[in-house]
Amino acid sequence: MSFRTSALSRRHLLLGLSTLALSGCVSTPRTEMVAPSPAVAPPTPPRPMMYDALPNEQFFVPAVDVSKVDPAFWRTEVPNTTNEPPGTLVVDTDAKYLYFTQTDGSAMRYGIGVGREGFSWSGRARVQYKRKWPKWTPPNEMVARQPELEPYSIANGGMPPSLTNPLSARALYIFQDGKDTLYRLHGTHQEWSIGRAVSSGCIRLLNQDVIDLYDRVPDGTPIVVMPSRAAPMAV
């Protein structure tokens, strides 16, 4: 065999090995990058019957959109840990709960939203009276802060009843020693505000809850409003 032929044979061999090597790289199984599954939101708990629509009210009350209310703030019966006797209302503004104590050692607990006026008063008082679908009359101090409320001022007769009236379906009026504290327990159609500190108003409950409370609480019921440890709300 000549030198030239031998060199060509070696070149062909090397080319063949190179081709095999490259072929091996291509055929090596690749690890596929799998994208993580998108986060799945937890399912919304089913709406309990107590939050169904109330079509027989003076104004139609729609069903509560429970997806906007933390279940921790749904109406529920709990042990009475307030140390208050049966038949007492207890407002815990910081925890965003309202309790109505009962004779069997339990309490009906409601989630609440707390407005600026809800932080402004605490102490012991009584429910002087209560109203279904009340007119809303903002106090003069509120009108001074929010001049756009002037059409509904005391002088102008207030805002007529409606679902979107700030007191909504029911209101309980709190007096101390016969004097109006300007503190109210009232309804709201704004589900998202329950469990939160909101811009204005006193103590708001879902309309279905305030209607339930209204039916349980007679005039003269004692109420204890616990002082808040929270910082005052910005005006």
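Phe73, Tyr97 and Tyr99 hang together as a cluster, joined up by ring pairs. Tyr97 has a charged partner as well: the charged end of Arg109 sits over the Tyr97 ring, 4.2 Å from its centre. This is a predicted model, and seven aromatic pairs turn up in it.

One of these is Tyr51 with Trp74, an edge-to-face pair with 6.3 Å from centre to centre and 75° between the planes. Both partners come from the loop between helix H1 (3–27) and strand E1 (76–79), yet the pair still links distant parts of the chain, as Tyr51 and Trp74 are 23 residues apart. As for solvent, Tyr51 is buried, and Trp74 is buried too.

Then there is Tyr129 with Tyr173. Here the ring centres lie 4.6 Å apart and the planes meet at 20°, so this pair counts as stacked; the cut-off for that label is an angle under 30 degrees. Tyr129 belongs to strand E6 (residues 123–132) and Tyr173 to strand E7 (residues 170–176), so the contact ties together parts of the chain that are 44 residues apart in sequence. The two tyrosines get separate labels for accessibility. Tyr173 has a relative accessible area of 7% and is therefore buried, while Tyr129, at 26% relative accessibility, counts as partly exposed. The dividing value between those two labels is 20%.

Back to charges over rings: Arg170 and Tyr214 give another case, with the charged end of Arg170 over the Tyr214 ring at 5.2 Å from its centre.

Technical notes:
Residues are numbered from 1 along each chain as its sequence is written. This is a predicted model: local features need pLDDT of at least 70, side-chain atom pairs count only at pLDDT 80 or more; totals for chains, interfaces and linings use all residues. Side-chain values use heavy atoms; hydrogens and water are left out. Rings of Phe, Tyr and Trp (its six-membered ring) pair if their centres lie within 6.5 Å; planes under 30 degrees apart count as stacked, over 60 as edge-to-face and the rest as tilted. Helices (H or I, at least four residues) and strands (E, at least two) are DSSP runs, numbered from the N terminus. Buried means under 20% relative accessible area, exposed over 50%, partly exposed in between (1.4 Å probe, protein chains only). A charge sits over a ring if NZ of Lys or CZ of Arg is within 6 Å of the ring centre and within 35 degrees of the ring normal.
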